[in-house]
Structure formats: structure tokens, C-alpha cells
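Work through the exercises below with the sequence and the coordinates side by side, and try each task before reading its solution.

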Amino acid sequence: AMDTKSCKLLECIVDMMFITSGYDGGYGGSYKTVEIFDPSKPSFTCSLPDMTVYRTNHVAVDLTVCGSSFGDGMRSCERLQDGKWVVSHSLQQKRKGHVMWRSPSQGIILIGGDHSTDTTEKLQEDGSSVWGWRLQHNTWGACSIDLGQSVVITGGYYTMKTVTQYT
């Protein structure tokens with residue numbers, strides 16, 4: 001049996017994953033829901049408050065979630081703060097199917113995505129975002145590997161056999 005509980009945020013997040021919304025194949029889906037998953041206790045889940053906007057094809061770094069396939073989520077980020085989701089950033093461009101990286105020197109960077117395949121933008125402390133750099137390859141639907149001081153982007157819709165490293 002599944003052990004589902006509503007829990008205190010900080011008790012849930014240590015050594016666990018948070019799973020945010022998704023697409024259920026229809027239009028009634030769970031586009032705002034958030035749960036915590038503990039791989040050491042697969043029968044335990046922990047429900048958190050819903051996000052503020054519907055999101056699919058979005059990406060998260062730490063407790064910041066950005067982008068979506070539709071609606072207000074395409075040009076915004078939100079962050080889990082004091083136990084609730086709050087809109088944290090407005091984006092320069094629409095983002096879906098992008099990747100994100102927390103650069104040690106530049107903070108959170110959004111990379112590529114549909115509608116913005118060759119661009120990056122950096123999240124700012126004041127809730128805005130600024131232009132980053134032009135990408136070497138159009139990037140959409142790719143995967144990222146955080147190496148700390150750099151990020152490796154692999155695959156993607158336009159670049160299935162491409163591997164690129166950015167610092």
C-alpha cells in the first residue's frame with residue numbers, strides 16, 4: 001500500500017527527489033501537483049502544495065521550476081518558499097524542453113528549449129532574467145550533466161549525436 005502524507009517541507013527534501021506535475025495524455029491532468037519521492041522508501045510519497053501555474057516540459061534546479069508547454073508558465077519561474085510556491089522570475093523568452101544549470105559563478109542559467117533554441121538567460125536576484133550567450137547548437141529536448149564548474153549538453157531534437165560543454 002502507498003503511504004501518502006502531507007509533510008513539512010524540510011523534513012521531506014533531504015536525500016529525496018521532488019516530482020513536479022506532468023502530462024497525463026489528456027487535458028485534465030495534474031499540471032500543478034508536486035510530490036516528494038524517497039528512493040529508500042518507495043512506498044512513501046509526500047504531497048506538497050500545488051504550483052501557481054500549469055507546467056509541462058519544464059525543468060527544476062533545487063526548488064526553482066521554469067518553463068512550460070503553454071500558458072503563463074512559458075515565460076516564468078516559481079520557487080518553493082516558506083511552504084508555498086511563489087512566482088520568482090519573469091523570463092526573456094518562452095522556454096519549454098530546455099535545460100537548466102546552476103553555475104557556481106553565474107547562478108541559475110536556462111539553456112535552449114523550443115522557441116529559444118539558440119539562447120541562454122540567467123536568473124537574477126531581483127526576479128528578472130538577463131541575456132546569457134548564444135549557443136553553439138540549437139538545443140531543444142536535450143539532457144544536461146552538471147559537472148560543477150561546467151555543464152555538458154547531450155542529444156536533443158536537433159542534436160541527437162552532439163555533446164557540448166559550457167562553462
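The exercises that follow treat a sheet, a pocket and a set of salt bridges in turn.

This is a predicted model, in which local features need pLDDT of at least 70 and side-chain atom pairs count only at pLDDT 80 or more, while totals for chains, interfaces and linings use all residues. Residues are numbered from 1 along each chain as its sequence is written, and side-chain values use heavy atoms, with hydrogens and water left out.

**Exercise 1.** Determine the strand order of the open sheet formed by 4 strands, and identify its edges.

*Solution.* Begin with the elements: strands are DSSP runs of E with at least two residues, numbered from the N terminus, and two of them pair if DSSP finds at least two bridges between them. The order that results is β9-β10-β11-β12, with antiparallel pairing. Next, look at the ends of this order: β9 (99–103) and β12 (129–134) each have a single partner strand, so one side of each is left without a neighbour in the sheet. From one strand to the next the twist averages 30°, taken between lines fitted to C-alpha atoms, with angles running from 0 to 180 degrees between N-to-C directions. Finally, examine one pairing: β9 and β10 are joined by 5 bridges, and Arg-102 has Ile-108 in β10 as its bridge partner.

**Exercise 2.** Describe the lining of the largest pocket.

*Solution.* A pocket is an open set of points on a 1 Å grid over the protein atoms alone, where a 1.4 Å probe fits and protein lies on both sides within 12 Å along at least five of seven lines; lining residues have an atom within 4 Å of a point. The largest pocket has a volume of about 220 Å³, counted as the space filled by probe spheres set on the points. Its lining includes Arg-102 and Ile-108, which were met above as bridge partners. At least two lining residues come from each of β8 (84–90) and β10 (107–111).

**Exercise 3.** Locate the salt bridge of Glu-78 and state whether its two residues are buried or exposed.

*Solution.* A salt bridge requires a side-chain nitrogen of Lys or Arg within 4 Å of a carboxyl oxygen of Asp or Glu, and the whole structure contains 5 of them. The partner of Glu-78 is Arg-55, with the closest N and O atoms 2.8 Å apart. Glu-78 lies in strand β7 (residues 76–81) and Arg-55 in the loop between β4 (44–48) and β5 (59–61), 23 residues apart. Buried means under 20% relative accessible area, exposed over 50%, and partly exposed in between, for a 1.4 Å probe and protein chains only. Glu-78 is therefore buried at 0%, and Arg-55, at 0%, is buried too.
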